[in-house]
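Please look through the structure below before reading on. The paragraphs that follow go from the chain as a whole to a few of its parts.

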Amino acid sequence: MKVTVTTLSDEIFVLDVSEDLELENFKAFCEIESGVSARDILIVHEGKPLLDGGLSMKAHGVRDGDVVILQHIQSQQAEAPSNPAIPNLDFSTIQVPGVDAGASTSAEPDHLSGPNPSISRADDPARLRDLFLQNPDQLALLKQNNPRLADAFATGSLEEFSKVLREQIGEREQREMQRMRMMSAHPFDIEAQRLIAEEIKKKNIEANMEAAMEFNPETFGSVVMLYINCKVNGYPVKAFIDSGAQTTIMSARCAERVNIMRLVDSRWAGIAKGVGVQRIIGRIHMVQIQIENDHLTTSFSVLEDQSMDMLLGLDMLMRHQCCIDLKNNILQIGTTGTETRFLSEAEIPDCARLTEPSSSSNEPPSKKIGTSSSLEMDHALTILPGDKFTDSEVKELVSFGFTREQVIKELRQFNGDKKSATAALFAKSLKF
């Protein structure tokens, strides 16, 4: 069931818990969300404080969709002792279920008497960890709302989980202290105004994300990249359809697998620039690929280190007037009228996953895109078929201390005349 929790400071969050969850465990979840210690939390439902921590939420009369008030006992006693709606209660005589009445308060677990004595039994990391193990719904919410703590939980190490939990509790306390200083500062204090502006910005961002999760939850899901089945030289290949790529490419590994590496023209070697930089081994000028029953010809730029086997770029899509129909989930070949379906998520290769978990828990998930948005040959470093000079001549001038880009530029300017290009290179290198 979903229970909405509101505080007197207008903080609101929703907990998805079991109706059989004990009140003390419910307070532990509230502590993670609000930053208030569980021992200082008073839960009020329909104007009545809930006192027995051993009873379930259902036994207390809390139902699905109900709203409860989270009250910080210490702050209420200090700030509003005369509040008639919620009386000040003395909890010193209340016995915690499962603890002997004569037991001393010093008889706490050893790991709670460490360097941070403010963490009570309700804040015990081992106990919170067991709660998450018993409540998969809360664990799912933890992964969504607190990935760092969820990653520490997933390691299975209680020490790592305790460390992250204590760090986050300390950070929340610092933010609360900062907020209190901010509220009590002079209204014309520049630093206080900056902190207030940051707090407003954070709340606006959180409100925007909550609205997106409520009205557009599909935007938080993963997107399946567009792949089709085809054959190159009779070998089956899964081709990625990318209208944002300038040229059609193939990895060197795939070219060797389909036995067309022998057709690579190394004169078209260069650098592929876009989202990242990769080395182009060369170009295969014409290859026949089979899509359904159609046999189409295209050219490939062969990349040395490319995770995707093959990418059909804009040159191929425009040449054959292809139409990406996302409504029917098909690729239509305009020149032949043939249609082929896009592959499902289970059929696409592993490298096609758009996102992968970040190596650091403090970083957002990183994008994993196998291709650059625009692939183009760097002609400043590449000898083209129309150039009237050879690679050996370029290397000879490079040996004099000039860059390859400078040498190719001058050779092109003098139409392949090596002597004139050499004189121009030395003349431009002189410093007066």
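Two residues are in contact when heavy atoms of theirs lie within 4.5 Å of each other. With that in mind, the model can be read part by part; it is a predicted model.

The protein chain contains 12 helices and 17 strands. It has 432 residues, and 35% of them count as buried. Its exposed surface comes to about 25,500 Å², of which carbon and sulfur atoms supply 53%. Among contacts in the protein chain with a separation of 6 or more, 55% are between residues 24 or more positions apart.

The helices H10, H11 and H12 show how such contacts look in detail. Helix H11 covers residues 404-413 and helix H12 covers residues 418-429; their axes are 8 Å apart and the angle between them is about 130 degrees. An angle between 115 and 145 degrees counts as oblique, so H11 is oblique to H12. The crossing of H11 past H12 is right-handed. On the H11 side, the residues that meet H12 are Gln406, Val407, Glu410, Leu411 and Gln413. On the H12 side, they are Lys418, Ala421, Ala424, Leu425 and Lys428.

H11 also packs against helix H10, which covers residues 391-398. The axes of H10 and H11 come within 9 Å and cross at roughly 120 degrees, which makes H10 oblique to H11. This crossing, too, is right-handed. From H10, the residues Asp391, Val394, Leu397 and Val398 take part in the contact, and from H11, Arg404, Val407, Ile408 and Leu411. Val407 and Leu411 of H11 appear in the contact with H10, and they also appear in the contact with H12.

Next come the strands. Strands of a sheet pair through backbone hydrogen bonds, in either a parallel or an antiparallel sense. Strand E3 (residues 41-45) is a useful place to begin. Is E3 enclosed or open? Of its 5 residues, 5 are buried, so E3 is largely enclosed by the rest of the structure. In a regular strand, the side chains alternate between the two faces of the sheet. In E3, Ile41, Ile43 and His45 lie on one side, Leu42 and Val44 lie on the other, and all of these are buried, so that both faces are covered.

E3 has two strand partners described here. It runs antiparallel to strand E5 (residues 67-72), joined to it by 4 bridges, and in E5 the bridge partner of Ile43 is Leu70. E3 also runs antiparallel to strand E4 (residues 48-50), with 3 bridges between them. In E4, Leu50 stands opposite Ile43. E3 and E4 form a hairpin with 2 residues between them, and in that turn Glu46 has a positive phi of about 55 degrees.

Before E3 in the chain there is a loop, which runs between helix H1 (23-34) and E3 and holds Gly35. Gly35 has a relative accessible area of 26%; buried would mean under 20% and exposed over 50%, so Gly35 is partly exposed. Leaving out residues up to four places away in sequence, Gly35 touches Cys30 and Arg172. The C-alpha atoms of Gly35 and Arg175 are separated by 9.7 Å, although these residues are 140 residues apart along the chain.

Another hairpin is formed by strands E6 and E7, with 2 residues between them; in its turn, Asn233 has a positive phi of about 55 degrees. E6 (residues 227-232) and E7 (residues 235-241) pair in the antiparallel sense over 6 bridges. One of the pairs joins Tyr227 to its bridge partner in E7, Phe240. Which way does E7 run relative to strand E12 (residues 310-312), parallel or antiparallel? E7 and E12 run parallel and are joined by 3 bridges. Here Ile241 stands opposite Leu312 in E12.

The last part is an open sheet of 3 strands in the order E13-E14-E15, with antiparallel pairing. Its edge strands are E13 (323-325) and E15 (339-341), each of which pairs on one side only. From one strand to the next, the twist averages 25 degrees. E13 and E14 (residues 330-332) are paired over 3 bridges, and Cys323 stands opposite Gln332 in E14.

Technical notes
Residues numbered from 1 in each chain as written. Predicted model: local features only at pLDDT ≥ 70, side-chain atom pairs only at ≥ 80, totals over all residues. Heavy atoms only, no water. Pairing = 2+ DSSP bridges. Axes fitted to C-alpha atoms, helices over the stretch in contact; angles between N-to-C directions. Buried < 20%, exposed > 50% of the residue type's maximum accessible area, 1.4 Å probe, protein only. Areas by Shrake-Rupley, 256 points an atom, 1.4 Å probe, with all protein chains shown as cover. Parallel < 35°, antiparallel > 145°, perpendicular 65-115°, else oblique. Left-handed = near helix turned anticlockwise from the far one by under 90°.
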